[in-house]
Amino acid sequence: MHVVSQLGQGLWNAFQMAWEVAWALVLGFLLSGIVQAWVPRSRMQRALGGRDARALGLATALGAASSSCSYAAVAIAKSMFQKGASFAAAMAFQFASTNLVFELGIVTWIFLGWQFTLAELVGGLVLIVLMWVLVRAFVSPRLEEQARSQAVAADTGHQHVSAGREGIGLRRRLASLDSWADVAHNFRGDWKMLWREIVAGFVIAGFVSLLPIKVFNALFVTDAPGPLRLLENVVVGPLVAVLSFVCSVGNIPLAAVLFAGGISFAGVIAFVFADLIIVPLVIVYRRYYGALAWRLVAIMFASMVVAALLVDGIFSAAGLVPEKRPSVDSIASRGIAWNYTTVLNVIFLAVAAWLVALTVRRGARDPVCGMTVDRRAGGPTVVRGGRRYFFCSEDCKARFASP
């Protein structure tokens, strides 16, 4: 009975945390869907071939305006690299897409507070610059071209692409059901790719919150001299993220529980940064970039650790490191009542239902990757046996047509 009780309590904690931020997740993915559908991406892709500051800025802006799904970010970055973007620019996009997006900031604010949200923003920019410098220093043009050949030869698979129509003004978009259908398909596509990571993040956090405080004290050094504790936390934090297999928004509730359990401010930042080096993504890097993958992971890890240390130093000097640490119960057991959170959830879940209804009404299932695409968007199609099939991309169409 005790095991059943603990199982139920862990799931209940997970649900309470998910309920606390449900409206924020819908809002974040809605904003991301709008940007993906209404902001032209093609012209920016063509400008990412260089290794200069301009390419860095464009890649960062494009990533921040993209989906927060780590798997989608990796796939899009690889596609950009294949089409001529520099490796440094592709990686800048990838980091920005998972550290500077709307939904991540909103959920971080709710669970960890504005200081962590600001640290995530500042740290994300520092992380991108560090990665840029290290890639330019340790990835030669010859190695980059070898990796590009590997990426071109790799199986493309499904890539989450924008469904947007270019050349339409904002006023017309706001009044156009077709434009909102574009948003809806991006919204649903983001959720489809990321829901497992989000659910896993809440479930893991729900059960981790049941652990006694001595477990956290054993995992993270909490009573050593400041420098030793700081260094241990920023190294162990990413390793915990790697082993949790949770990425993107899904690791924020777990980060909040870890912070309540004793990990330092810098350790939390390093943990959140590490969503791009979880084991499944490392396997993907190996397939996409060949021998460069291990150098890439080392560069990422070093960038995350140094960025977390720099952010901790900046925020400590400015007096912005939170002094009060919440209890684990205050993170995991917030309860559900008729309050502003419930009102916002009702409103935004209704918005989510409307967006999903748009995709059902106008959508068709890609028979290759399973993504729901807009039948009226003018995308690739094939007629076979008197039936028309719709595809999210030319790649899926080619795979469908191949014997």
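Here is a walk through a helix crossing, a small group of salt bridges and one loop residue. Keep in mind that this is a predicted model.

Let's begin with the helix pair. Helix H7 spans residues 114-138 and helix H14 covers residues 265-273; their axes come within 11 Å and cross at roughly 60°. That angle falls outside the 65 to 115 degrees that would count as roughly perpendicular, and H7 is therefore oblique to H14. As for handedness, the crossing of H7 and H14 is right-handed.

Which residues in H7 and H14 meet? On the H7 side you'll find Phe 116, Ala 119, Glu 120, Gly 123, Gly 124 and Leu 127, while H14 brings Phe 265, Val 268, Ile 269, Val 272 and Phe 273. Sort the contact by class and you get 8 nonpolar, 2 polar and 1 charged residues. If you want to match those classes to names, the glycines, Gly 123 and Gly 124, count as polar here, and Glu 120 is the charged one.

Now for the salt bridges. How many salt bridges does the structure hold? There are 2, and Arg 148 takes part in a bridge with Glu 144 and in another with Glu 145. Put together, Glu 144, Glu 145 and Arg 148 are linked in a network of salt bridges.

Take the Glu 144 bridge to begin with: its closest N and O atoms are 3.3 Å from each other. Glu 144 and Arg 148 both sit in helix H8 (residues 141-153), with their positions 4 residues apart in the count, or about one turn of the helix. For the bridge between Glu 145 and Arg 148, the closest N and O atoms are 3.2 Å apart. This pair also lies in H8, 3 residues apart, again about one turn of the helix.

Are the residues of this network buried or partly exposed? Glu 144 and Arg 148 are both buried. For Arg 148 the relative accessible area is 13%, so it falls under the 20% limit for buried. Glu 145 has 42% relative accessibility, which means that it counts as partly exposed.

Last stop: Asp 52. Where is Asp 52 placed? Look in the loop between helix H2 (42-46) and helix H3 (53-64). Because its relative accessibility is 41%, Asp 52 counts as partly exposed. Ser 86 is 34 residues away from Asp 52 along the chain, yet the C-alpha atoms of the two are separated by 9.8 Å.

Terms used:
Residues are numbered from 1 along each chain as its sequence is written. This is a predicted model: local features need pLDDT of at least 70, side-chain atom pairs count only at pLDDT 80 or more; totals for chains, interfaces and linings use all residues. Side-chain values use heavy atoms; hydrogens and water are left out. Axes are lines fitted to C-alpha atoms, for helices over the stretch in contact, and angles run from 0 to 180 degrees between N-to-C directions. Helices (H or I, at least four residues) and strands (E, at least two) are DSSP runs, numbered from the N terminus. Angles under 35 degrees count as roughly parallel, over 145 as roughly antiparallel, 65 to 115 as roughly perpendicular and the rest as oblique. A crossing is left-handed if the near helix is turned anticlockwise from the far one by less than a right angle, and right-handed if clockwise. Contact means heavy atoms within 4.5 Å. Buried means under 20% relative accessible area, exposed over 50%, partly exposed in between (1.4 Å probe, protein chains only). A salt bridge is a side-chain nitrogen of Lys or Arg within 4 Å of a carboxyl oxygen of Asp or Glu.
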